[in-house]
Amino acid sequence: MPELPEVEVTRRQLEPLLVGRRVARVYTTVPSYFFLTPPAELRRRLRGRRFELLERIGKYLLARLDNGDRLLLHLGMTGQIFGSGVASVRLLSSTVGAALKPEEQLAAFQPDKHTHLRLRFEDDGPEVFFRDARKFGKVQLMRSNAPSKRLERLGPDALSASGKLLFEAVRGRKAKVKSLLLDQALLAGVGNIYADEALFLAGVRPTRSAARVTRRECDAIARGLHQVLERSIETGGSSISDYVGPDGRDGEYQSERRVYARRGEPCSTCATPIARVVIGARSSHYCPRCQR
Ligand SMILES: [Zn+2]
């Protein structure tokens with residue numbers, strides 16, 4: 001599932017594909033829960049508009065248009081936003097991919113039934129596709145100053161996390177520290193991968209009661225978050241399931257993971273097998289020796 005680094009990498013690569021370009025035509029699939037704005041309305045209101053700015057807010061992308069409207073994009077679980085002409089096996093459904101020879105898998109992507117949004121521009125340059133096999137992604141076109149409950153309930157961006165902020169948030173809370181890190185109202189952008197990685201670097205077990213995390217440990221968790229998020233952005237994010245960058249390339253951070261989805265593998269510090277535990281229906285990974 002794309003988290004802050006994957007969304008930020010998407011933002012950086014998507015910016016030159018969107019900003020300054022005017023939409024000539026919009027293609028969508030039929031209405032579904034993917035579209036918070038009905039697709040017919042989206043097609044009508046986006047046509048002729050020029051993109052002026054692309055921001056990231058937590059795990060959301062927010063594109064500002066020349067009439068002030070804002071296009072909200074969320075990658076959900078399996079969302080992929082990319083330019084035309086790219087190729088990746090991750091852009092093929094497993095059945096289609098399996099039926100193709102390796103050289104055929106590398107042919108440029110052709111829009112399929114999972115390509116829910118497709119933007120063509122007046123300059124006839126590369127198109128932009130938003131593909132999502134499971135449709136947990138979201139698209140919404142908001143009027144310039146319309147309030148957004150989704151954005152308003154987000155806490156500060158995880159890249160600005162500080163030990164002080166974390167300590168104030170965890171103090172007196174009975175919830176497990178891992179659950180609090182995933183709470184987007186507390187800190188926007190962190191999901192399962194980077195919460196597990198940051199807790200490992202901080203030496204704090206994900207199951208620890210938040211109320212028993214010290215100020216010093218909160219500093220260490222904030223440092224851990226900065227380290228893993230920034231390194232992941234540098235390496236193009238994590239491509240563990242469906243994520244690809246807008247240029248069709250995989251991220252490379254998954255090879256640097258220390259605990260996430262490494263159950264049973266030796267800890268990189270002490271060689272103890274990495275353990276897995278379920279917290280709030282999400283799996284958490286930790287070293288039983290290094291994390292207390
Ligand atoms: Zn260890």
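How are the donor residues of the zinc ion spaced in sequence? Keep that in mind as you start the tour, and remember that you are looking at a predicted model.

**Stop 1: the zinc ion**

Select the zinc ion together with Cys267, Cys270, Cys287 and Cys290, whose SG atoms are its protein donors. Turn on distances, and you should find these donors 2.2 to 2.4 Å from the zinc ion. Now for the opening question: the spacing reads C-x2-C-x16-C-x2-C. Colour by element next. Cys267 sits in the loop between α9 (215-234) and β9 (275-279), while Cys290 belongs to the segment after β10 (282-286), so this pair ties together parts that are 23 residues apart in sequence.

What arrangement do the 4 donor atoms make around the zinc ion? Their angles run from 100 to 113°, so the arrangement is tetrahedral. As a yardstick, the ideal angle for four tetrahedral donors is 109.5 degrees.

Before you leave, show the surface. Cys267 counts as buried because its relative accessibility is 5%, under the 20% cut-off. Cys290, on the other hand, is partly exposed, at a relative accessible area of 26%.

**Stop 2: a loop beside the zinc site's strands**

Stay with β9 and β10 and pick Ala281, which is found in the loop between them. Check its backbone: phi is positive, about 70°, although Ala281 is not a glycine. That is worth a second look, since most residues other than glycine have a negative phi. Ala281 is exposed, with a relative accessible area of 75%.

**Stop 3: another positive phi**

Jump to Lys135, in the loop between β7 and β8 (138-142). Here too phi is positive, at about 60°, and again the residue is not a glycine. Is Lys135 buried or exposed? Neither label fits: with a relative accessible area of 24%, Lys135 is partly exposed.

**Stop 4: the cavity**

Follow the chain back into β7 and look inside. The count comes to 1 cavity of 30 Å³ or more, and the largest cavity has a volume of about 70 Å³. To frame the largest cavity, select Leu14, Leu18, Leu71, Leu73, Ile81, Leu117, Leu119, Val128, Phe129 and Phe130. Which elements give two or more residues to this lining? They are α1 (4-18), β4 (70-74), β6 (115-121) and β7 (128-132). The largest share, 3 residues, comes from β7. Colour the lining by class and you get 10 nonpolar residues, no polar ones and no charged ones.

**Stop 5: the largest pocket**

Now select Met1, Pro2, Glu3, Ile193 and Tyr260. The largest pocket has a volume of about 290 Å³, and of the 22 residues that line it, those five are the closest to its centre. Class colours give a mixed picture here: 9 nonpolar, 7 polar and 6 charged residues.

**Stop 6: Val177**

Finish at Val177, in helix α7 (residues 177-182). Val177 counts as buried, with 2% relative accessibility. Show what is around it, leaving out residues up to four places away in sequence: Val177 touches Leu199, Val204, Arg205, Pro206, Arg208, Ala210, Val213 and Ile221. For a last distance, go from C-alpha to C-alpha between Val177 and Thr207: they are 30 residues apart in sequence and 6.5 Å apart in space.

Note on methods: Residues are numbered from 1 along each chain as its sequence is written. This is a predicted model: local features need pLDDT of at least 70, side-chain atom pairs count only at pLDDT 80 or more; totals for chains, interfaces and linings use all residues. Side-chain values use heavy atoms; hydrogens and water are left out. Donors are N, O and S atoms within 2.8 Å of the metal (3.2 Å for Na, K and Ca); water is not among the atoms, so sites may look incomplete. Four donors count as tetrahedral if all angles lie between 85 and 135 degrees; four count as square planar and six as octahedral if opposite donors are over 155 degrees apart and all others between 65 and 115; anything else is irregular. Helices (H or I, at least four residues) and strands (E, at least two) are DSSP runs, numbered from the N terminus. Buried means under 20% relative accessible area, exposed over 50%, partly exposed in between (1.4 Å probe, protein chains only). On a 1 Å grid over the protein atoms alone, a cavity is a set of points where a 1.4 Å probe fits but cannot get out, and a pocket is an open set with protein on both sides within 12 Å along at least five of seven lines; lining residues have an atom within 4 Å of a point. Grid points are joined across faces, edges and corners, and a volume is the space filled by probe spheres set on the points. Ala, Val, Leu, Ile, Met, Phe, Trp, Tyr, Cys and Pro count as nonpolar, Asp, Glu, Lys and Arg as charged, and the others, Gly among them, as polar. Contact means heavy atoms within 4.5 Å.
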